[in-house]
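Okay, thanks for coming, everyone. I'll put the structure up now and talk you through a few of its elements.

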Amino acid sequence: MTRSPLPQDELLLTDSGLETDLVFNEGVDLPEFAAFPLLAEPEGRQRLRAYFLRHIAVARRAGTGFVLEAPTWRANPDWGARLGYDATALATANRGAVELLADLAEAYEGTAMPLSGCVGPRGDGYRPESLMTAEQARDYHQAQVDVFAEAGADLVTAMTMTTVAEGLGIARAAARAGLPSVVSFTVETDGHLPDGTALADAVAAVDADTPPAHFMINCAHPDHFAEQLSGAWTERVRGVRANASRRSHAELDEAAELDAGDPDELARDYARLRELLPKLAVLGGCCGTDVRHVAAIAAAL
């Protein structure tokens, strides 16, 4: 099994819903819901630094490590093209994202702060619209993963995966680049991936081919997947980045206002998840969450 880049049996926090926080709480315009273009300007880089520093401060107070997740969820060829980025510009952005995280980590020497290169889905995170085979997905995402490896990332995280094939393809790309990987699936309100696959089957399929360091679940409320968490496979799920809202993906996609839920209620949901996921160690948020939710989760656990 692939080695884990994260400390074993140690709680680590990570950040929250970067894009929704910036758009709804700070009024930042993010075309195509992409945060990586902020890296191109000093003001944008400073805004990203401030965002991560708020979250790191929570981890420091809680005495935990912190997973620094690159703001590169949209930094792939299809989304980059919509924003006017060619392959060279995308490589510069992905490299700059890791360098930004490395600078932050250097200031906190002695604290576990692994640098993760975030790889998002080729298409929309809520809809499996760009169906690929695992081999096609590996080829598609390889360039981004290779840049992460060259820039000094500790691992690659495939975030908001809607299909087994794309998650597996990114795990293969990471293995080819010599980096550990994490595969994070998203689910609908019925606890299944958007393509209909059960979580247990998705984990088993990836593990049978190219086992990542571990799996995560993100971009869904705990109510949407808690009932699916039974069986030995749950020991492979070490991270959760849940939504604050109980709304479906379709409802969130159409929402004009942020549903931030209740941070304390979400923290209680995480405490219950920890009873269902024996190896749960990486805790953060996704859509609708911000530093308040991460602080509440840290306090609850």
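Let me begin with a pair of helices. Helix α10 passes helix α11 in a right-handed crossing. If you want to find them, α10 covers residues 263–276 and α11 covers residues 291–300. Their axes are 8 Å apart, and the packing angle is about 45 degrees. That makes α10 oblique to α11. As for who touches whom, α10 brings Pro-263, Asp-264, Leu-266, Ala-267 and Tyr-270 to the contact, and α11 answers with Arg-292, His-293, Ala-296, Ile-297 and Ala-300. And yes, I should say that this is a predicted model, so please keep that in mind throughout.

Now let's go to another helix pair, α1 (residues 18–25) and α2 (residues 42–62). Here the axes come within 12 Å and cross at roughly 115 degrees. So we can call α1 and α2 roughly perpendicular to each other. This crossing of α1 and α2 is right-handed. On the α1 side the contact is made by Leu-18, Asp-21 and Leu-22, while α2 uses Arg-47, Leu-48, Tyr-51 and Arg-54.

Okay, on to the sheet. How many strands make up the closed barrel? Eight of them, running β1-β2-β3-β4-β5-β6-β7-β8, with parallel pairing. On average, neighbouring strands of this sheet are turned by 25 degrees against each other, if you ignore direction.

The strand I'd like to zoom in on is β4, residues 155–161. Is β4 enclosed or open to the outside? Well, seven of its seven residues are buried, meaning under 20% relative accessible area, so β4 is largely enclosed by the rest of the structure.

What sits alongside it? On one side, β3 (residues 115–119) pairs with β4 in the parallel sense, over four bridges. There, Ser-116 stands opposite Leu-155 of β4. β4 also pairs with β5, residues 181–185, again parallel and over four bridges. Along that pairing, Met-161 stands opposite Phe-185 in β5, and Val-156 stands opposite Ser-181 in β5. To get from β4 to β5, the chain goes through helix α6 (residues 164–177), and this β-α-β crossover is right-handed.

Last thing, where does α6 pack? It lies on the sheet, touching β3, β4 and β5. The direction of α6 makes about 170 degrees with that of β4.

That's my tour. Happy to rotate the view if anybody wants another look.

Technical notes. Residues are numbered from 1 along each chain as its sequence is written. This is a predicted model: local features need pLDDT of at least 70, side-chain atom pairs count only at pLDDT 80 or more; totals for chains, interfaces and linings use all residues. Side-chain values use heavy atoms; hydrogens and water are left out. Buried means under 20% relative accessible area, exposed over 50%, partly exposed in between (1.4 Å probe, protein chains only). Helices (H or I, at least four residues) and strands (E, at least two) are DSSP runs, numbered from the N terminus. Two strands pair if DSSP finds at least two bridges between them. A crossover is right-handed if, with the strands pointing away from the viewer, the path from the first strand over the helix to the second runs clockwise. Axes are lines fitted to C-alpha atoms, for helices over the stretch in contact, and angles run from 0 to 180 degrees between N-to-C directions. Contact means heavy atoms within 4.5 Å. Angles under 35 degrees count as roughly parallel, over 145 as roughly antiparallel, 65 to 115 as roughly perpendicular and the rest as oblique. A crossing is left-handed if the near helix is turned anticlockwise from the far one by less than a right angle, and right-handed if clockwise.
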